[in-house]
Amino acid sequence: MTFSFLLQSSPLPVSPKPLLSQNQYSLSSLLSLNTTQRFLGLRTLSTKSTPNMQDPTSVSYLSQREAAEIDETLMGPLGFSVDQLMELAGLSVATSVAEVYKPSEYGRVLTICGPGNNGGDGLVAARHLHHFGYKPSICYPKRTPKSLYTGLVTQLESLSVPFVSVDDLPEDLSKDFDVIIDAIFGFSFHGAPRPPFDDIIRRLLSLQTLQKRPAIVSVDIPSGWHVEEGDHEGGGIKPDMLVSLTAPKLCAKRFCGPHHFLGGRFVPPSVAEKYKLELPSYPGTSMCVRIGKPPKVDISAMRVNYVSPELLEDQVETDPILQFRKWFDEAVAAGLRETNAMALSTTNKDRKPSSRMVLLKGFDENGFVWFTNYESKKGSDLSENPFAALLFYWEDMNRQVRIEGPVEKISEEESENYYHSRPRGSQIGAIVSKQSSVVPGRHVLYDEYEELTKKYSDGSVIPKPKNWGGFRLRPNLFEFWQGQPSRLHDRLQYSLQDVNGNPAWIIRRLAP
Ligand SMILES: NC(=O)C1=CN([C@@H]2O[C@H](COP(=O)(O)OP(=O)(O)OC[C@H]3O[C@@H](n4cnc5c(N)ncnc54)[C@H](OP(=O)(O)O)[C@@H]3O)[C@@H](O)[C@H]2O)[C@H](O)CC1
Ligand SMILES: Cc1cc2nc3c(=O)[nH]c(=O)nc-3n(C[C@H](O)[C@H](O)[C@H](O)COP(=O)(O)O)c2cc1C
Ligand SMILES: Cc1ncc(COP(=O)(O)O)c(C=O)c1O
Ligand SMILES: [K+]
């Protein structure tokens with residue numbers, strides 16, 4: 001079965017899959033960093049998708065001369081070729097676009113390429129966007145007859161990426177395109193735009209008055225802007241995204257759009273030092289990093305219109321555990337992060353509810369298992385009221401699953417087995433953490449952690465704390481929710497009922 005999950009939403013950053021797992025970084029290596037580094041490090045290393053916001057005042061900006069000089073240094077003494085830098089620059093542009101504009105909504109991308117290297121960056125970006133699932137078209141009116149450029153054109157032609165002449169470009173670009181990449185002029189732009197680019201820039205400008213218009217992404221410089229002064233007269237294009245390459249040029253100070261990214265992850269320390277470049281660090285393996293403040297959003301207007309395959313009574317499994325397995329496997333296959341993360345809701349004796357995330361560690365016809373500290377808040381709630389609700393939300397698939405039922409502790413033996421299968425650091429963490437109690441400072445935890453790490457450095461068995469173990473929820477209610485357009489979602493509820501003296505799962509559709 002092929003699923004196509006479409007999201008229709010306002011442009012918000014998408015979350016790419018994590019490339020690194022937190023376990024790859026030892027606690028002790030993090031301890032040697034200062035607080036800020038540790039914070040940024042943890043964010044960048046464990047969640048590639050976490051935007052690395054940079055205070056725009058602390059970023060350096062390059063003059064036109066410096067930008068050209070750095071280019072020459074990279075391609076001279078530092079041994080880079082223009083092809084290489086252009087490939088990395090174009091990839092940065094494509095990944096920046098993909099961070100903000102999902103192909104399901106913003107698939108139709110027009111890349112307008114100028115005669116210089118900025119145009120080359122656009123050609124490379126279009127190729128990557130094609131491979132990322134977008135449908136790029138190219139307008140490349142002044143082609144440079146050098147092999148680098150003819151090669152890029154051939155590569156795009158081999159992917160059947162259409163080239164559109166200026167004459168064939170619609171006057172109103174808003175109907176045919178969701179994103180327009182402005183790769184017309186870069187840092188060598190000077191004077192006023194000459195034909196045919198003057199007319200193209202005018203068409204970009206005319207988009208600004210429209211309510212619904214394509215997003216404009218400028219590569220390095222918003223075309224038509226002065227490289228240093230920017231849009232000082234105020235009549236230039238107003239891109240939604242600017243992807244600065246190597247370092248922002250002075251004109252970027254005047255960029256007011258919501259998405260400023262930095263790309264060109266190839267600057268060696270010698271160049272950074274010489275030009276006193278203060279630049280944000282790239283998260284994980286990313287080719288781009290957001291600069292500046294996060295975009296201001298109107299929270300009340302934030303919404304997604306879900307579009308998914310129907311969820312019909314005659315298609316689902318009669319056994320909810322099998323249905324859950326099916327959806328769980330599909331979520332894993334779709335590459336979702338932490339498919340097994342679920343919200344666990346409990347109540348205490350005063351009927352006050354509380355929720356938190358835990359990790360599902362197994363499920364079968366006997367129930368759903370997770371592990372925790374029995375003396376935690378959730379442990380205490382469950383001892384007072386042994387009933388709970390679990391909630392999974394698999395955002396990329398527009399799916400939610402609710403599970404409810406009574407909860408019991410699993411056997412000591414099962415808890416022992418699972419505890420010893422965990423990374424040794426996490427085993428020690430479980431000893432150190434008197435979960436949900438007040439801690440005077442993080443040093444208390446780290447000191448004890450270090451001490452125990454030393455104690456068990458010989459590889460000996462780390463004993464499981466008595467108060468640590470698993471819970472099992474035995475479901476008597478499931479609901480499978482599949483998001484649909486106009487909020488008319490599919491909801492299939494399974495409730496365990498007594499039918500002629502036997503327990504049976506009854507399936508009912510609930511109103512969305
Ligand atoms: N180190 C990096 O960050 C890298 C950045 N790259 C990209 O390269 C551009 C700079 O490329 P460059 O080729 O030097 O210059 P431009 O792309 O800006 O364009 C130069 C061509 O544009 C013509 N031009 C200039 N002004 C006008 C105008 N007013 N009207 C029409 N045409 C104009 C110019 O012709 P001239 O005859 O005027 O000289 C050139 O043909 C940088 O911004 C990055 O995007 C590299 O890809 C990788 C390294
Ligand atoms: C994704 C995710 C998974 C988590 N998994 C667990 C878990 O499996 N067990 C656990 O005790 N805490 C887990 N936590 C931490 C809990 O959310 C919570 O902070 C902690 O258990 C204390 O909750 P309590 O004070 O309500 O008992 C997880 C947190 C997140 C964000
Ligand atoms: C406090 C705590 N305990 C337990 C777990 C589950 O971890 P593991 O997968 O190592 O069992 C987590 C996961 O985030 C956690 O935060
Ligand atoms: K540009």
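In this predicted model, the side chain of Lys249 reaches the backbone oxygen of Leu245 at 2.7 Å. Lys249 is found in the loop between strand 6 (241–245) and strand 7 (259–263), and Lys249 is buried, with a relative accessible area of 1%. The points below take up Lys249 in more detail, then the three ligand sites, and finally strand 13 and helix 12.

**Lys249**

- Lys249 counts as buried because its relative accessible area is 1%, and buried stands for under 20%.
- Leaving aside residues up to four places away in sequence, Lys249 touches Tyr61, Leu62, Ala67, Phe187, Asp220, Ile221 and Val227.

**Ligand 1**

- There are 21 residues around ligand 1, of which Asp71, Asp121, Gly186, Ser188 and Thr246 come nearest.
- Two side chains make polar approaches to ligand 1: a polar side-chain atom of Asp71 lies 2.6 Å from a nitrogen atom of the ligand, and an N or O atom in the side chain of Asn118 is 2.8 Å from one of its oxygen atoms.
- The backbone also takes part, with an N or O atom of Ala192 lying 2.9 Å from a nitrogen atom of ligand 1.
- On its own, ligand 1 has 940 Å² of accessible area, and the protein covers 83% of it.
- Helix 3 (64–75), helix 4 (82–100) and helix 5 (117–131) are the elements that give two or more residues to the shell around ligand 1; the largest share, 3 residues, comes from helix 5.
- By class, the shell around ligand 1 holds 10 nonpolar, 7 polar and 4 charged residues.

**Ligand 2**

- The surroundings of ligand 2 consist of Glu338, Arg356, Met357, Val358, Leu359, Phe371, Thr372, Ser376, Lys377, Lys378, Gln435 and Ser436.
- Oxygen atoms of ligand 2 are approached by the side chain of Arg356, with an N or O atom at 2.7 Å, and by the side chain of Gln435, with an N or O atom at 2.9 Å.
- From the backbone, an N or O atom of Lys377 lies 3.3 Å from an oxygen atom of ligand 2.
- The protein covers 64% of the accessible area of ligand 2, which has 610 Å² on its own.
- Two or more residues of the shell around ligand 2 come from each of strand 11 (353–364), strand 12 (367–373) and helix 10 (377–384). Strand 11 supplies the largest share, with 4 residues.
- The shell around ligand 2 divides into 4 nonpolar, 4 polar and 4 charged residues.

**Ligand 3**

- Leu359, Lys361, Tyr418, Arg422 and Gln435 are the residues around ligand 3. Leu359 and Gln435 also belong to the surroundings of ligand 2.
- Polar side-chain atoms of Tyr418 and Arg422 lie 2.4 Å and 3.0 Å, respectively, from an oxygen atom of ligand 3.
- The side chain of Lys361 has an N or O atom 2.6 Å from an oxygen atom of ligand 3.
- Ligand 3 exposes 400 Å² when taken alone, and the protein buries 54% of that.
- In the shell around ligand 3 there are 2 nonpolar, 1 polar and 2 charged residues.

**Strand 13 and its partners**

- In a regular strand the side chains alternate between the two faces of the sheet.
- Strand 13 (residues 387–394) follows this alternation: Ala388, Leu390, Phe392 and Trp394 point to one face and are buried, whereas Phe387, Ala389, Leu391 and Tyr393 point to the other and are not buried.
- Strand 13 pairs in the antiparallel sense with strand 10 (residues 341–347) over 3 bridges, and with strand 14 (residues 399–409), also antiparallel, over 8 bridges.
- Leu391 of strand 13 stands opposite Ala343 as well as opposite Arg402 in strand 14.
- The hairpin of strand 13 and strand 14 has 4 residues between the strands, and in this hairpin Asn398 takes a positive phi near 55°.

**Helix 12**

- Helix 12 (residues 424–432) has Gln427, Ile428, Ala430, Ile431 and Val432 buried.
- An α-helix has 3.6 residues a turn, so residues three or four places apart point the same way.
- The cover over the buried residues of helix 12 includes helix 11 (412–421), helix 13 (442–455) and strand 15 (468–473).

Terms used. Residues are numbered from 1 along each chain as its sequence is written. Chains are lettered from A and ligands numbered from 1 in the order in which they are written. This is a predicted model: local features need pLDDT of at least 70, side-chain atom pairs count only at pLDDT 80 or more; totals for chains, interfaces and linings use all residues. Side-chain values use heavy atoms; hydrogens and water are left out. A residue is near a molecule or strand if one of its heavy atoms lies within 4 Å of it. A polar contact is a pair of N or O atoms within 3.5 Å; within protein, one must be able to donate a hydrogen and the other to accept it, and residues adjacent in sequence count only if both atoms are side-chain atoms. Accessible areas come from the Shrake-Rupley method with a 1.4 Å probe; for residues, only the protein chains shown count as cover. Ala, Val, Leu, Ile, Met, Phe, Trp, Tyr, Cys and Pro count as nonpolar, Asp, Glu, Lys and Arg as charged, and the others, Gly among them, as polar. Buried means under 20% relative accessible area, exposed over 50%, partly exposed in between (1.4 Å probe, protein chains only). Two strands pair if DSSP finds at least two bridges between them. Contact means heavy atoms within 4.5 Å.
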